[in-house]
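These are my notebook entries from a first reading, written down in the order in which I looked things up.

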Amino acid sequence: MGMILKAIWSQLVTLYRVLLHTFTPTDTVSYPEEMPYLAPRYRGRIVLTRDPGGEERCVACNLCAVACPVDCIALQKTEDEHGRWYADFFRINFSRCVMCGLCEEACPTYAIQLTPDFEMCEYDRQNMVYEKEHLLISGQGKYPGYSFYHVAGKAIKDKDKGESLNEATPIDVRSLLP
Amino acid sequence: MVELVIYLVIFGTLFGSFAGAALLVWFERRLLGLWQDRLGPNRVGLFGAGLAIADIIKLFAKEDWIPPFADRFVFVFAPTAIVMAMLLGFAVVPFAPDIHVADLNIGLLFFLGMTSLAVYSVLLGGLASNNKYALLGGLRSAAQMVSYEVFMGLSLMGVVMQAGTFSLVDIVLWQADNIWFFIPQFIGFLIFLIAGIAESHRLPFDLPEAEHELVAGFHTEYSGMKFGMFMLGEYLGVILISSMIATIFFGGWLGPDFLPPIFWFFLKSFAFICFFILLRAAIPRPRYDQLMSFGWKYLLPLTLINLLATGAILLWA
Amino acid sequence: MPNIIVDGQTIEAKDGANLLEVLLNEGINVPYFCWHPAMGSIGACRQCAVVGYANEDDTRGRIMMSCMTPVSEGARFSVNADNAESFRESVVENLMLNHPHDCPVCEEGGECHLQDMTVMVGHRDRQYEGLKTTYRNQYLGPFIGHEMNRCITCYRCVRYYKDYAGGDDLSAFGSRDRVFFGRAESGVLENEFAGNLIEVCPTGVFTDKTFSKHYTRKWDLQTAPTVCQSCSLGCNTYTSERYGEVRRVHNRYNHEVNGYFLCDRGRFGAGHVNSANRIPQAGIRNSDGRYDPVDLETALSAVSDLMSSSDGLIGIGSPRASLEANEALIQLVGEENYCNGMTDNECEMHQVILDVLASDLITPAMAEVEDYDAIIIVGEDITNHAPRLALSIRQSIRQRAGELAESSGIALWHDAAVRELAQAEKSPLTLLTPMADRLDDVATHSIRLAPNEIINKTIEITNAVNDATPSSAREIAQTLIEAKKPLIVSGTSLNSPNILKATTNLAIAVAQHNPETGIFLCAHESNSVGASLLGSDRSGEALLATKPNTAIVLENDIYSRFAEGALESIDHLVVLTPLDDSTASQADVVLPAGSFAEAEGTFINSEGRSQRSMVVFKPKGDIAPSYQLLTRLAGHAKQASTLRSELAARHEALQPITSIAPNEQFRIAGSKVARMTHRSSGRTAMSADISVREKRQPEDQESALAFTMEGNQQQAPAALRTYSWSPGWNSNQSIHKFQDEVGGPDRSAVDKRPLFEQTRRLTPYDISVESEFDPGQIVILQQHIFGSDPSSNEAEEIASLIPQPYVRMNSTTASSLALTHRGGAKCRDIEMMVLVDDDVAEGCLIYPSIPATTALAGVASTDFTAIEGWIAPSEAVKASLITTDGAR
């Protein structure tokens, strides 16, 4: 009997509490008349950033593509004459993208980043397909100063072997000195 | 002249209830928004009230599709039945001393009969859809409505015993002379309220629909205006039950003289409509078996005790 | 079978195995690097550490390397002991000290054994703060990339390259933490099996350059099990596709055929599928003699018109085309108007091979060749003509080392010890060839003889088998008679049926002494044996002699194969070919045939093994498998399986080809086998540049494989498995998860070579030498691993390694022809460099079988004339293939 009363009391309290919300202000932001505040890490339109040297950060490693739960990223690796990897094409089908940000998390070079821009409506779905030239921005985005190739051991133009972070100068294989 | 007034009342009731139901769609969403700290519909017309019309246009414009596997006749008939039953229920509602379609001497029984007819609509709709979700929804709804029908009727019998009449007008008049029934018949009022919610299968007792398990229950296969008629029936039911509570337990049109009687009636009904919406905003849906055991194990004994007590007091008095 | 106890669990171990194998056989994941199932243990990497206990009371135990630990009855070990786990983790941590931070730009990433092992041991955080050792890379040729920074010094590369494949230009240099694996100086790796370094290296030091050009992660590749078409051995491969292009070829483990290794022609030769020389569309020659591209329907109706108006219609099949395609041609033109597209000579040679395969002589599988302890190779340039076999023969000479090890009680997997013990001891290998051979370094007798002398010498040896008179021939015969398992190898590279017959006679003679005698005859092309089964009774010349005026040619470059005169009567030519060749340029109608990656087919290799090659991807546009084009011409398109069963119904002997791989109705729990991996990416964006509306994936009606990622993969039988993967094992080391015993046969492999009954007793052939070779100066076509296979030549990287035209002879021949070393010679307007080399048999002129010299077919030695003013290709030009550009 006590349990039943308690249950009834609980229901009544619920009703009362909800009723009290008559006097609380609404949380709705009337977009588009009012623009909401979006944090810098808000997950909106995806961009490809550049490293401090102005080169593409993306090395076409395909990790974003494999992390993507809706498989909306397709790219192809190619290489410049100095051995630097970059994307031959890089395509995001935003009509499939769910803005989950897993690509950004998977990216080992901070190349792919989500931005607070979410206003991406189109009348033609085909316009939601972004190619590399649409994705690439000229800035560094959220991680200024990071350059993958100056951490990685691969030699590229203007960065020889042994010049990366924490690397000793290349070994002279022909030397017998200790 | 008298005829004209009668026609006016009839058509007023008809269109008024239609308009009320349509507006209720909008009003409910605004109110839910208010209680959930949202705005609710606010784009079409003043405070978004144009949504009611937009909704209707949308429902009419939608593809009116009948699944090839459905029983065509029953499928089309089912949604009309609920609207007819509910509208007929309004016939006995006394809005004001002289404003009512009909003052039947068995008005209360007529109302109970009409609400009972609504179960056919839901059951047939579920059956005709030839879809397992619809069938489950229909079966649940039949069981639920038939069960709660029992207490609904019995809960009113205390009122009938005290007022000594089935006529709703006479019940209101009895309250004018004595006391509003919700005080002597408080238990009866509570049971009628709960049974009324279950009867109109509103939240938290909307298990026939139960979208989290049955897609959309008995109207899974319905679209366009046929779906609209189920919606209409549901909202008409809300209004009907609210006005019945106002009439039977809260003195109908009775109230201080500074407002006309019909206004008091609408005010009281409106308060219960709001209460219905508050329930939807606040109370979660029980499990189906909980709903049924609640009805048979608690409400039925309580109703019988109430009836017994009323009878005993009447005899003793 | 000793029982050992591992972590309290009793395991029945294989006799003579090491602990690591035993644990892997049990499915226990033990990390390892330097051990390789084909190469044994050396204990270099210290990764496979476990704890061994002296007895039941020993609770401390001691760390030991499982790959170096023999198993004995009752021995106790622990894999999960804390100290073993932390030891293994610290080993990876140490290996990673110098490992560069470059997995995202490493071609190995995603199928890297080092990545797998690092995850397996749980190492995560780098604690070392010192500098990383770095190296400069070398240019190792067009096939293999070098990134030395990634090295973990497991020594697998040099052990494979030097010890297993017999190369001598890859070594470990330097000492302590500065060991460098590479060549003495930048340059093309010379060994024909260098490509296996890519798969042998557990990390990304050696990577596939041809793949890197259009790199795709392993998980994105759409792969199907295929059979290599580059020679007659039928090595099993995985061919992978992405974006409608063949991206790479990888080894597909087949215990009986190629095992873990491929040759470079097979591995890097599939570029022809993407070649600019592909026929992408049907073409009809118009009245101006030019080709108009037309749609397939138009072309097919044009062919039908030609067929109905023809006055003598023949179908020329091909030893390069599948059995299904040949069968479709037979059904179209009728058996009496069909030939298998081989010349008289080829037919005769392959008839000998068929006889041998059907006889009671033992014809070992390629992998079984490794077990033979005395081998004679008669007139066959194995390394260039059937390359993968040479790798097996290189292992067979270690039979002697195995005997020595056994007598000293050393287990065979103890690789370093066995090699140390054996030193230069090797099993007898005799070579009878007209010129220097790549196997000379392991041969005990290398004898240079002109082809006719090879035949005579073989006859001599055959006679010496039963004649104990001491002679040089008797010496060779004796090595064969005294061996436990002698093997006689020959092949078709010298284009001489008599050599094959003489070899067979030798095998028959030796087999009378030793029933274990084996014979291995290398056929010429991927389906030569199969095509011979379909009709070796009539050669192309014989059919052409009936003077037909219309011919339908199936994937066969008849204008290179047959003498010009034989084809004179043909007025109307219909050609089905994937590649634009000299025959396609003569055709009236060209139909775009699917390459091996686009057409299902059954091929019979030199061993007589029938193998199914599956479709990798749906071809673009109008390209279709030949058998579909042909059956559409005959009425309505038939499925490959229909053609197979129709063929089997006509040829009793071919009955087994219907069951070597599951047909298109095969399902695993209701689903097909997926060609794509379950991590395949980019599905909704790949074709979004064309249309954002995703195309439906093509359906495969022809096979039990699906062009999607949906379907079963792990439980697929070997013939349908599309890639090798197991949870935690992303690299090709996952192969052991599909074997009951590491290095043993695949768990689900379909059995053997069921085609031939091998009961017929063969009588020795009569041989007349005079008719075949001019005893004076003999012109010999030398096969080249890069250059002699018309398909693989189309691959850009292989094309870059095709030698310049040359003519090679010894000094006596040179002086009789007045030619000088490094001078020029001219023949039929082809300028060639003269190479005087005393390792060429007397009287022989050798020129390479490469595209540039096709015009020399049937040339006589007297046609070679010296040319004045010829600027001989300098060392620089010769070395142009071996540039140091691009090395970093």
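**Entry 1: an asparagine in chain A**

I began with A:N166, which I found in the segment after helix 4 (132–135) of chain A. The model I am reading is a predicted one, and in it A:N166 has a positive phi of about 65° although it is not a glycine. I then asked myself how far A:N166 is open to its surroundings, and its relative accessibility of 34% makes it count as partly exposed, since that class runs between the 20% below which a residue is buried and the 50% above which it is exposed.

**Entry 2: a cis bond in chain A**

Next I turned to the peptide bond from A:Y31 to A:P32, which is cis, with omega near 5°. Looking up where A:P32 sits, I noted that it lies in the loop between helix 1 (2–20) and strand 1 (46–48) of chain A.

**Entry 3: chain A as a whole**

I counted four helices and five strands in chain A, and reading from the N terminus I wrote their order down as α-β-α-β-β-α-β-β-α. What radius of gyration does chain A have, and what would a compact globule of 178 residues have? I noted 26 Å for chain A, whereas the compact globule would be near 16 Å. The box filled by the C-alpha atoms of chain A, taken along the principal axes, is roughly 90 × 50 × 25 Å.

Of the 178 residues in chain A, buried ones make up 40%. The accessible surface of chain A comes to about 9,900 Å², and 58% of that belongs to carbon and sulfur atoms. When I looked at contacts in chain A between residues at least 6 apart in sequence, I found that 67% join residues at least 24 apart. For the charges of chain A, I recorded 19 positive and 24 negative side chains, with the centres of the two sets 6 Å apart.

**Entry 4: chain B**

Chain B has 11 helices and zero strands. The radius of gyration of chain B is 20 Å, close to the 20 Å that the globule rule gives for 317 residues, so I noted chain B as being as compact as a globular protein of that length. Its C-alpha atoms fill a box of roughly 60 × 50 × 45 Å, taken along the principal axes.

Buried residues account for 53% of the 317 residues in chain B, and the accessible surface of chain B is about 14,200 Å², with 74% of it belonging to carbon and sulfur atoms. Among the contacts in chain B with a separation of 6 or more, I found that residues 24 or more positions apart account for 78%. Chain B carries 16 positive and 21 negative side chains, and the centres of these two sets lie 12 Å apart.

I also stopped at B:N130, in the loop between helix 4 (107–128) and helix 5 (132–163) of chain B, where phi is near 55°, a positive value in a residue other than glycine. Is B:N130 buried or exposed? With a relative accessible area of 51%, B:N130 is exposed.

**Entry 5: chain C and the pairs of chains**

For chain C, I copied out the domain assignment, which gives domain 1 (3–95), domain 2 (362–516) and domain 3 (775–884). The C-alpha centres of domain 1 of chain C and domain 3 of chain C lie 55 Å apart.

Lastly I asked which chains share the most contacts, and of the two pairs of chains in contact the answer is chains A and C. No contact joins chain B and chain C, and their closest C-alpha atoms lie 25 Å apart.

Technical notes. Residues are numbered from 1 along each chain as its sequence is written. Chains are lettered from A and ligands numbered from 1 in the order in which they are written. This is a predicted model: local features need pLDDT of at least 70, side-chain atom pairs count only at pLDDT 80 or more; totals for chains, interfaces and linings use all residues. Side-chain values use heavy atoms; hydrogens and water are left out. Helices (H or I, at least four residues) and strands (E, at least two) are DSSP runs, numbered from the N terminus. The radius of gyration is taken over C-alpha atoms; the globule rule is 2.2 Å times the number of residues to the power 0.38. Buried means under 20% relative accessible area, exposed over 50%, partly exposed in between (1.4 Å probe, protein chains only). Contact means heavy atoms within 4.5 Å. Accessible areas come from the Shrake-Rupley method with a 1.4 Å probe; for residues, only the protein chains shown count as cover. Lys and Arg count as positive and Asp and Glu as negative; His and the chain ends are not counted. The place of a charge is taken as NZ of Lys, CZ of Arg, CG of Asp or CD of Glu. Domain bounds come from an automatic or database domain assignment.
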